[in-house]
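Student: I have a model open in my viewer and would like a close look at one part of it. Could you walk me through a single strand and what surrounds it?

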Amino acid sequence: MSAEVFEKVKQVEEEINLANPGDEASVEAFRIRFLGSKNILKPLFGEIRNVEPARKKEFGQLVNSVKQLAETKYQNLKEASQNEAASKKQEGMDLSAPGIPLRLGSRHPISITMDRIIGIFEKIGFGVAQEREIEDDWHNFTAMNTPEDHPARDMQDTFYLRDFSNYLLRTHTSSVQARVMTTSQPPIRIIAPGRVYRNETISARSHCQFHQVEGLYVDEKVSFADLKQSLLYFAQEMYGPETEIRMRPSFFPFTEPSAEVDVSCFICDAKGCSVCKYTGWVEIMGCGMVDPAVLSNCNIDPEKYTGFAFGMGIERQAMMLYKVEDIRLFFENDIRFLKQFRSAL
Ligand code: PHE
């Protein structure tokens with residue numbers, strides 16, 4: 001009797017040794033047969049009562065070792081089939097296939113426009129001056145001949161620093177004129193690109209922050225004709241060789257005389273469209289001869305030197321160049337808008 005049950009266990013042991021399940025499904029079948037809740041070893045444990053007392057211990061050890069064998073083999077099979085699945089996946093990989101393309105960022109339309117303006121003036125000898133955005137009252141207003149009671153100083157237009165009321169966010173890049181003229185003597189020929197701030201309600205047409213490019217040329221015998229010729233050169237480089245300019249009398253505290261500059265509408269070839277409001281002209285900047293009072297405020301001799309200055313809004317130029325109808329798009333960083341300028345890299 002004992003020999004018979006020993007024989008049964010030996011058969012199971014042999015079956016386990018011979019089993020060679022290949023795929024995942026047969027590994028699972030192996031588990032169910034030898035280790036599942038109704039595995040074939042289970043009833044063999046019960047057979048112990050048919051074993052003669054002297055061999056009971058030996059029988060118990062045998063069944064346990066066969067169970068252990070099944071467990072070890074199952075673990076090995078499982079590991080092997082997992083490795084195989086992983087290497088199958090790798091086999092499907094084409095190592096010669098091109099990589100995932102790097103997605104290039106794009107330049108901001110304001111940077112593109114600003115660099116273009118800088119490039120045009122650099123060609124005729126203007127250097128770039130960059131200055132602080134938090135400015136004092138003197139450089140932004142007083143030096144620029146803007147009296148205390150001028151409406152531009154009104155709290156409505158200017159962001160003052162709460163705890164330092166003498167300091168403000170510059171309202172125009174003209175403050176750079178004062179910075180440059182107080183620290184250097186003519187000849188001075190600079191352009192000053194940068195961000196400016198005004199306390200204005202945000203809408204499609206205006207924003208509380210925007211960019212300007214300032215220009216300043218101070219030397220002996222600088223004339224209004226020099227100003228006009230420089231701006232005509234700029235307009236034709238920027239908007240095409242056929243572009244014309246016109247100047248309309250205007251007022252700025254820091255220039256005398258002052259003018260507003262229009263260019264012939266490059267969108268409709270001056271025939272009339274919504275951009276030029278059917279006038280054929282679009283306004284692009286303010287300019288004028290540096291007021292002698294500004295020169296003397298900055299310790300430059302107005303008897304010896306004259307100068308011209310101009311200032312333009314960059315958003316305005318970019319809106320016309322790219323036909324953008326809402327200024328807020330430039331500040332919202334919506335990738336769907338910004339990525340359209342990639343080709344202009
Ligand atoms: N600072 C003026 C503005 O912000 C522009 C300007 C600059 C006009 C220089 C004349 C000369 O509107």
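What follows is a tour that begins at one strand and moves outward from there.

Tutor: Happy to! Please keep in mind that this is a predicted model. Let's start with strand β10, which covers residues 306-313. Is this strand mostly covered or mostly open? It is mostly covered, as 7 of its 8 residues are buried.

Now look at the strands it pairs with. Strand β6 (residues 209-219) runs antiparallel to β10, and 8 bridges join the two. Within that pairing, Tyr-217 has Phe-308 of β10 as its bridge partner. Strand β9 (residues 281-290) is also antiparallel to β10, here with 5 bridges. In this second pairing, Cys-287 stands opposite Phe-310 of β10. As you trace these strands, remember that side chains in a regular strand alternate between the two faces of the sheet.

Two of the residues just named, Phe-308 and Phe-310, bring us to the aromatic rings. They belong to one aromatic cluster together with Phe-121, Phe-126, Tyr-217 and Phe-234. Across the whole structure, a search finds 13 aromatic pairs. One of them joins Phe-126 and Tyr-217 in an edge-to-face arrangement, with 6.4 Å between the centres and 65° between the planes. What does this pair tie together? Phe-126 lies in the loop between α5 (109-122) and β1 (127-128), whereas Tyr-217 is in strand β6, so the pair links parts that are 91 residues apart in sequence. Both residues, Phe-126 and Tyr-217, are buried.

Strand β6 is worth following further, since its residue range, 209-219, takes in several positions that come up next. Around the ligand there are 14 residues, and those that come nearest are His-172, Ser-174, Arg-198, Gln-212 and Glu-214. Gln-212 has a side-chain N or O atom 3.0 Å from an oxygen atom of the ligand. For Arg-198, a side-chain N or O atom is 2.9 Å from a ligand oxygen. His-172 places a polar side-chain atom 3.2 Å from a nitrogen atom of the ligand.

At the other end of the range of β6, Val-218 and Asp-219 are in contact with Pro-186, and so are Ile-300 and Tyr-305, leaving aside neighbours of Pro-186 within four places in sequence. Where is Pro-186 found? It is in the loop between α7 (174-183) and β5 (188-197). With a relative accessible area of 10%, Pro-186 falls under the 20% cut-off and therefore counts as buried. The peptide bond from Pro-186 to Pro-187 is cis, with omega near 5°, and Pro-187 lies in that loop between α7 and β5 too. Another cis bond joins Glu-256 and Pro-257, where omega is about -5°; Pro-257 is found in strand β8 (residues 255-264).

One last stop is the loop between β6 and α8 (224-239), where Lys-221 is found. Lys-221 has a positive phi of about 60° although it is not a glycine. Both this and the cis bonds deserve a glance, because most residues other than glycine have a negative phi and most peptide bonds are trans. Is Lys-221 buried or exposed? Its relative accessibility is 75%, so Lys-221 counts as exposed.

Notes: Residues are numbered from 1 along each chain as its sequence is written. This is a predicted model: local features need pLDDT of at least 70, side-chain atom pairs count only at pLDDT 80 or more; totals for chains, interfaces and linings use all residues. Side-chain values use heavy atoms; hydrogens and water are left out. Helices (H or I, at least four residues) and strands (E, at least two) are DSSP runs, numbered from the N terminus. Buried means under 20% relative accessible area, exposed over 50%, partly exposed in between (1.4 Å probe, protein chains only). Contact means heavy atoms within 4.5 Å. Two strands pair if DSSP finds at least two bridges between them. Rings of Phe, Tyr and Trp (its six-membered ring) pair if their centres lie within 6.5 Å; planes under 30 degrees apart count as stacked, over 60 as edge-to-face and the rest as tilted. A residue is near a molecule or strand if one of its heavy atoms lies within 4 Å of it. A polar contact is a pair of N or O atoms within 3.5 Å; within protein, one must be able to donate a hydrogen and the other to accept it, and residues adjacent in sequence count only if both atoms are side-chain atoms.
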